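Visitor: I would like a close look at one part of this model, the way its helices pack. Please keep to the geometry and the residues involved.

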Amino acid sequence: MELHEETLETATVLSPQGRIDSSNAKDFEEALISRVQDGRPAILLDLAELRYISSAGLRVILLAAKQQRGKQGKFALCALTTEVREVFEVSGFGKILDIHAGRTEALAAL
Amino acid sequence: MTDRPANDRPANDRPRKRWRIGLAAKLYIGIGGAVAITMLASVVAWISFVELGQHQRRITREHIPSITESLRLAQQSTLIAAIVPKLLSVDSDAEREALMAGLGEEQRALEELVEQLSHSIAGSRTETTAGEGGLPVIRAANDELAGVIERLDVAVGQQLYLRSQMQSRIEEAIDSHRRLIEQIAPLLDDATFYLVTGYRSLDDAAPDTWEQRSGESAMLRYSSMAALAGEANLLVGLLTEAASVPQVALMQPLRERVEASVDRFRAALASLDSLPEAGDLHREYEILVARGDGAGGIIDLRTRLLGWNLTAEQLVERSRIVAETLGNDVDRLVNEAQTGTEAAVVASNRAIDIGQKLLLFLNGLAVVGAIVMGWVYVGRIFTDPVLRVTAAAEAFERQQFDPATLARTRARSDELGRLAQVFTRMAEEVQARTDTLDRLVSERTQELNEKNLALERTLRQIADELAMAQRMQLSFLPRHYPDVPHLPIYARMRAAREVGGDFYDVIEIDDHRVGIVIADVSGKGVPAALLMAVSSTTIKSVASRGESPGRVLEEVNRTLSEGNDAAMFVTIFYGIVDHRNGNLIYANGGHNAPYLLRRGGQAEAIPGTDGIALGLMDEATYDEKTLSLGQGDTIFFYTDGVTEAFNLAGDPFTELRLREVLYQANALSVEALGHRVIRDLDAFTDGAPQSDDITCVVIRYDRQTAPIVAAAGGSNDMNEMSIRLANDLGELSKLAEALESAGERFDLAMKIVFNLNLVLDELVTNAVSYGYSDGGSHIIEIMLRRDGDRLTVIYQDDADAFNPLDIPPPDLESDIEDRRIGGLGIHLVRTMMNSVTYERLNGRNRLTMTQNLDA
């Protein structure tokens, strides 16, 4: 799984490509958590290129969100596909995380 | 109706010679009349208002001010009457003067009000005479009040004076009494001592005997002394009482008692005239008496004060009465003024009433006049003729116009008459022309109807033949692919119109060679379909003979070029695969090169052979090339309908996108790959109409004996599919592919495939990560089956006993800080599938899940 990174003025945008399941969740976790621990003030996960995510991936996102919150940082997601969005909703993540429709909207909110 | 010369009209239609009053003039006359009546009504209203105004003015300028002033007068006198009694409770001259000054101001104010009121009454023209009688009475009362207040001032002054005098007197009396007692007391003590002890003083050596003491002189001395003291005390007490006697009548008895006491004292003192202190005592006592009973003494002062108190109270009462009288007089005055006001109001009401009635009458008259005017005047002069001409026009529209209906209108002497005349002439002319036209039109319509019927018959015939042709064409395409070892094949053609121009074929040449054809006929519709029919049958028969691709194309080309005057052509790619070794030999006649997908690699176009399209040059030659397919290599044949499919914005799909899809789908089965390409294409075009036939053929060289997924036509039961995975997380991508393929096979929506992936992912991950305590390698089996609208998924492993349904659902409502990380996967399993049941069977965990597909 590739993780594209862009550092913008207001936030760091990470775009995972393809699939996240338990076989590559560890790599994803290392990459994401290291960004959190860097102390980035705002992190945005752009999921436009993410076709599939399992509970292993969801756990990583939850972990990152908690840690970022603990550091008083901001954390948001955007551009989820319909199926991925539904997974988030069913898991109850929809209510807890900041999820936006598009990247511009998300950046404006961060 | 035939034409008539304009002059030939009936006699009664000719306009009479008389003075012409135009429409405009008639209009002005009508308006003038309406205006006149309105003005009359306004004048009447104006007169009423003038009179009304007069009455109102009288009320506001005369009656109301006098009422107002009278009330203020009453108020003022009440105010004064309230202040006056305060004089009785002043404590000093300063207070009295201040109060009198205030009273003086209020009295002056009252004077002013009286003057103002007299002016108002003098200025008004009331019809009553009471105004003249009322005012002098008020003035008199006012004067009396002033007098009373003056006398009260004096009385209060006297009271204050007498009170202070009396205060001094009392103090003096008490002082005198004290001095008296100071003198008497020691003498009394001596007398008492001697009477009791017989000693005259403490130094006395021997007491007198009782016989000596009891003589009259000792007793007398003692009792006289006692009497002096007693009478002095009594006197001062009586004087104190006199200082607060409430009534004059009570003063006389008190005085008598005082005088009696004084006599007794003097008598007692007289019997003691041998006493050396007698003279002093006498002097002091007489001072006391003078202060009490003398002229200017306490009794005198108190008597006089009581007199003044009475006077003051009487004056206060008098002032109250006078003020009350004043109030009553003012009331009377107010009533009179009110009566005057009421009379004025009644008069103005009468004026209003008369005015109203008059206006009502005139308005009624105006309304009646308007109705009559409208009906008779406007109707006759304006609306009737207009309506008549309009009716005539409508009748004309229906072709029922009768000139006689406008006869009277034509006779008018104004513009409407003119209109009627012109209209009639026009109508008659038009009528004549229309009749002619109608006749011609109905003749032509008849002819047209007959022609239409004939055309429709022909059209139906053509449609029937076209439908038949489509059925025939579809039957030419292969329905079953031959079951070629090591070479799974998938093919799909979707025509743009009812009959298409693309075709493909799979030809079993001999026991080790298979020929693959893909072709695109130029043009669309019936001509293309005919050429396609000829081309496909030709190439099939030529290729079956087993010659090499170049020779085959040359022969087919000769056949097609022979009778082809219309310069229609067909592009053909023909390749022969030897499935023993994967060798491909091919020739290309102007067709877009297929893509070679090496296993796990990018899509590369197969090198061309520079052959031209078939049907153009009858002696064209075709070169051949070879290439070698390895294990898992795929070839994707297609027509330009794929790359040139347009979306709504007008962009084509392009080779680039196709290559991208092929690369991504590289690992999928041939069916999955083909479906994937077409699905992506449809997603791209997104509703735009299909402009060309879309055709693709996918082949793969696959020597492996245990395929993950059964190829098309290879499994016994089309409704069932099984997947076997090793217990390794790397197998998850295999699972994903297999499910994509299942999605094609069972025609499942993308969402269902996604959810299946999620659920099975969880179960596999769970088993692989936690289920095998022995650390060995194991197999996990998954079976999918579709029965109508129900999909059944069975998951089975031989891991340690574990029922995921035992795990409690996660707490979805809590905030991010509280969420436990874990248990989520099992929740997804439960939520995404309609039903989940678990059993432990023969040392295996088995989960049976179902999903309804009709939603």
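Visitor: What is the orientation of helix 15 of chain B and helix 16 of chain B to each other?

Guide: Helix 15 and helix 16 of chain B are roughly perpendicular to each other. The model is predicted, so local features need pLDDT of at least 70 and side-chain atom pairs pLDDT 80 or more, while totals for chains, interfaces and linings use all residues. Residues are numbered from 1 along each chain as written, chains are lettered from A and ligands numbered from 1 in written order, and side-chain values use heavy atoms without hydrogens or water.

In this pair, helix 15 spans residues 670-685 and helix 16 residues 732-745 of chain B (helices are DSSP runs of H or I, at least four residues, numbered from the N terminus). Their axes come within 9 Å and cross at roughly 75° (lines fitted to C-alpha atoms over the stretch in contact, with angles from 0 to 180 degrees between N-to-C directions). An angle of 65 to 115 degrees counts as roughly perpendicular, under 35 as roughly parallel, over 145 as roughly antiparallel and the rest as oblique. From helix 15, B:Ala672, B:His675 and B:Arg679 meet B:Glu740, B:Ser741 and B:Glu744 of helix 16 (contact means heavy atoms within 4.5 Å).

Helix 6 of chain B (residues 251-270) packs on helix 8 of chain B at about 180°, with the axes 12 Å apart. Helix 6 is therefore roughly antiparallel to helix 8 of chain B. B:Met251, B:Arg255 and B:Val258 of helix 6 touch B:Ile299, B:Arg302 and B:Thr303 of helix 8. Helix 8 covers residues 298-397 of chain B, with B:Val368 among them.

Between the chains, helix 2 of chain A (residues 55-70) and helix 18 of chain B (residues 824-832) have axes that come within 9 Å and cross at roughly 130°. These two helices are therefore oblique to each other. Chain A contributes A:Ser55, A:Leu58 and A:Arg59 to the contact, and chain B contributes B:Leu824, B:Gly825 and B:Leu828.
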